[in-house]
Amino acid sequence: MKDLVAFLEGYKKLNAAQKLAVDTVEGPVLVIAGPGTGKTHILTLRIANILRETQANPTNILVLTFTESAARTVRTRATSSARVCPISATLTLAVRQPSK
C-alpha cells in the first residue's frame, strides 16, 4: 500500500511526456534529457508501473543507466518490489558480462 501511495504521489507531479514514458509498459523506452529533469524519477516510476500493471517478474526487468551514480540512485528510490530488478550502469554491465 505504501508503494502505491508513493507511486501515485510521484506520478501526479509528472508532465505529459513524462507520464507517457511511465505509462508505456510494453517494450523499451529511451528517455533523453538534461541534468535534473527527472530521468531517474521517471525510470523508477516506470519500473513500479510495470510491476503494478503486469505480471512481470522483477528479475526479468533490466534497468540500465549511463552512470554508476544513477544506478545507485535508482536502487535507492526503487520500491521494495522493484529492488530485485537487475540495475546497472551500461559500462559496468559490459564489464561484468563473461566472455565467450
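Which residues in α3 meet which residues in α4? Keep in mind as you look that this is a predicted model. On the α3 side you'll find T40, H41, L43, T44 and I47, and they meet T73, V74 and R77 in α4. Sorted by character, the residues of this contact come out as three nonpolar, four polar and one charged.

Now for how the two helices sit against each other. Their axes are 10 Å apart, and α3 and α4 pack at an angle of about 45°. That angle falls outside the ranges for roughly parallel, roughly antiparallel and roughly perpendicular, so α3 and α4 count as oblique to each other. As for handedness, α3 passes α4 in a right-handed crossing.

Both helices also feed into the largest nonpolar core. That core has nine residues in all: I47, I50, L51, I61, V63, A71, V74, C85 and I87. Helix α3, which covers 39–53, and helix α4, which covers 68–77, each supply at least two of its residues. The largest share, three residues, comes from α3. Two names should look familiar here, since I47 and V74 belong to this core and also take part in the contact of α3 with α4.

V63 is a good place to stop within this core. Setting aside neighbours within four places in sequence, V63 is in contact with L43, I47, V74, C85, P86, I87 and S88. So what else is there, apart from this core? Another core of eight residues lies apart from it, and among its members are Y11, V22, I42 and A48.

I42 makes a handy way into that second core. This residue is found in helix α3, and its relative accessible area is 6%, under the 20% cut-off, so I42 is buried. Leaving out neighbours within four places in sequence, I42 is in contact with Q18, A21, V22 and V31. Take V31 from that list: eleven residues separate it from I42 along the chain, and their C-alpha atoms are 8.7 Å apart.

Q18 is another partner of I42 to follow up. You'll find Q18 in helix α2, residues 16–23. Is Q18 buried or exposed? With a relative accessible area of 15%, again under 20%, Q18 is buried. Beyond residues up to four places away in sequence, Q18 touches T37, G38 and I42, which brings us back to I42 in α3.

Terms used. Residues numbered from 1 in each chain as written. Predicted model: local features only at pLDDT ≥ 70, side-chain atom pairs only at ≥ 80, totals over all residues. Heavy atoms only, no water. Helix = DSSP H or I, 4+ residues; strand = E, 2+ residues; numbered from the N terminus. Buried < 20%, exposed > 50% of the residue type's maximum accessible area, 1.4 Å probe, protein only. Contact = heavy atoms within 4.5 Å. Core = buried A, V, L, I, M, F, W, Y, C linked by side-chain atoms within 4.5 Å. Axes fitted to C-alpha atoms, helices over the stretch in contact; angles between N-to-C directions. Parallel < 35°, antiparallel > 145°, perpendicular 65-115°, else oblique. Left-handed = near helix turned anticlockwise from the far one by under 90°. Nonpolar A, V, L, I, M, F, W, Y, C, P; charged D, E, K, R; others polar.
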